[in-house]
Amino acid sequence: MDTESHEKLQEKKKKQKKKMTKQKKPKRSPEENEPQEAVKEPENLDKDSQPVFPPTFSVSEIKNKQRRHIMFMKFKQEKRKAKMALKKKIKKQREALGDKAPPKPVPKTIENQRIYDETTVDPEDEEVAFDEGTDEFSAYFNRLTSPKVLITTSDRPRGRTVRFCEQLATIIPNAHVYYRRGLALKKIIPQCIARDFSYLMVINEDRKVPNGLVLCHLPDGPTAHFKVSGVRLRKELKRRGKDPTDHSPEVILNNFTTRLGHSLGRMFAALFPHDPQFVGRQVATFHNQRDFIFFRFHRYIFRNEKKVGIQELGPRFTLKLRSLQKGTFDSKFGEYEWVHKRHEMDSSRRKFHL
Amino acid sequence: MQHDDVIWDVIGNKQFCSYKVKTKNKNFCRNEYNITGLCNRSSCPLANSQYATVREQKGQCFLYMKVIERAAFPARMWERVKLSKNYEKALEQIDENLIYWPRFIRHKCKQRFTKITQYLIRIRKLTLKRQRKLVPLSRKVERREKRREEKALIAAQLDNAIEKELLERLKQGMYGDIYNFPVHAFDKALEKQEEEESETDSSEDEEDDADVGKKEFIAEDEVEESDLSDFEDMNNLKCSDEEELSEEDESEDEEELEMEASSSSKGKTPLKGPARRKRAHVEIEYEQETECQTKVKAT
């Protein structure tokens, strides 16, 4: 059917016959040919019924927009038909084979297709284990220090940011919120170290909404700068539970696979006290998915050994790492371990760094 | 010839001066050499052939002077003197350069110089403080990031992941003896043992199957002594029976309770205190047959 109409068009291009008839024919062709097709199908099945477009022809070469559109629609229709036919065939084959049918192919997901990152951490890697034994968090993980967090904001915080800070302080045990009176971070940091703080958390605000987070591990630890999005305060959460208690929560870190992710995971883990109080049944989750870190705070209850119910308390937010700097906060002269470079790193949809 | 009065007559009052900015109360002069900034007879640099100003360039202050002798040479009209950075010395310099000049111009020059030094000091102080750096956002990039975040959130399936992780931790025994669910782990171990045994002896399975479906009335003591693994099996046995027994009612009620518990775990009802397993919490329904009997009797 398509070869017929196509031939008609080609004839029009080469020779110049009566325009009226030639113009009408392609327009009528989808309508005409469909009833004809039903009639002609048995005939065409004997011949090669595949609508093949000769390789030199492409729909875009037709100058007339209406005709081009029609031809394109037909082209698409043929493609769809072929696809459906293929699907039906496969389904029939599966049913016919029954149990012996080959297993269904696994669908491709972004996680499946992720480009393999060479810095992925092997659980038994000795080098990584050695590094982690001697890095800045080793003091925490060897139970030498307990976390003490100072939460502050950028200058002149608005209500939302202030409330967010307060809620964070209730979630993180041993956290203190201080008002930033226009002090420079470089001056705050030595004071914090003197008072035995282990973390400095600065929530940056833009247009009355928190949008950035600087997390600085104190004695001389790495400084991570995140972009914060999707902040939901406690009263904006639906179906939430009562306020969190003072018990230390457990920490869940999901999907931190690469070296960078690993060090970030340790950074988050060191925010919370070492021994969670299981009586409190609270859990803080940092879940990494495609370089976005989702933070949730839940209360859980085990209904039986196969079922657990969770109820969201506390604020939720998502983080995206922008840079990881080696020492304490020093944006000009600091040594950056990792910086997000948009043009290099955002170009591939299957490449993730955490 | 320089006729200041004529010039002022023209531009000041009657006709147009391109430097003049008229507002409701005042007239301003936009000329860069103007000393006060207002459009006045004494402040207009065009209408005064002897004039002086103080101007600042890149932190340096200069005294500009114009005299009538150079009025014909516009390129050389303004004479520039660099003022010292020391405030008092600079004032003296102004005084000595503008000696014998009208009082008005001297006074205004010094005033202007004072103002300039004050704002220069403020600039220097501000640069020492923290400066807010504005980072431009690319709208396209922001939109892209937002969409990727949404997709990542959907792909993450957070609730499932968290629940899975918690159950794993429970299995690994991180919670110790807080929760009384060791049954499951115990069951699994025993089941595994049983499977290994059953592989070797297949005939015994058939015999066991024959016993399924038969009613067994067991005393309480025997139930406790039997293997814990039978617990689940007994439940299954009871559920499969379709005959009317009081035991059957009990098992049905247990099932209903379990169903309720499982359905309510999905909805977020407020939790009540520490975890308590509902064991042997059975509601037994009693049928009242007296009414039926009376009906039967009546008919």
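**View 1. Cysteines without disulfides.** In this predicted model, the disulfide count over all chains is zero. Take A:Cys216 as an example: the nearest cysteine sulfur belongs to A:Cys192 and lies 8.7 Å away, whereas a disulfide would need the two sulfur atoms within 2.5 Å. A:Cys216 counts as buried because its relative accessibility is 1%, under the 20% limit. Over in chain B, B:Cys109 is buried too, with a relative accessible area of 0%.

**View 2. The largest nonpolar core.** Here you can explore a core of 43 residues. The residues with the most contacts inside this core are A:Ile151, A:Met201, A:Phe226, A:Leu264, A:Phe268 and A:Ile293. Helix 6 of chain A, spanning residues 159-171, supplies the largest share of the core, with five residues.

**View 3. Zooming in on A:Ile293.** Leaving out residues up to four places away in sequence, A:Ile293 touches a set of residues that includes A:Phe226, A:Phe256, A:Leu264, A:Phe268, A:Phe286, A:Phe317, A:Leu319 and A:Leu354. A:His287, A:Asn288 and A:Thr318 are also among its contacts.

**View 4. A second core.** Separate from the largest core is another one, made of 25 residues. Among them you will find B:Phe62, B:Tyr64, B:Met77 and B:Val81.

**View 5. A buried aspartate, A:Asp346.** Look for A:Asp346 in the segment that follows helix 9 (342-345) of chain A. A:Asp346 counts as buried because its relative accessibility is 9%. Setting aside neighbours within four places in sequence, A:Asp346 contacts A:His340 and A:Lys341 in chain A, and B:Arg144, B:Glu145 and B:Arg148 in chain B.

Note on methods:
Residues numbered from 1 in each chain as written. Chains lettered and ligands numbered in written order. Predicted model: local features only at pLDDT ≥ 70, side-chain atom pairs only at ≥ 80, totals over all residues. Heavy atoms only, no water. Core = buried A, V, L, I, M, F, W, Y, C linked by side-chain atoms within 4.5 Å. Buried < 20%, exposed > 50% of the residue type's maximum accessible area, 1.4 Å probe, protein only. Helix = DSSP H or I, 4+ residues; strand = E, 2+ residues; numbered from the N terminus. Contact = heavy atoms within 4.5 Å.
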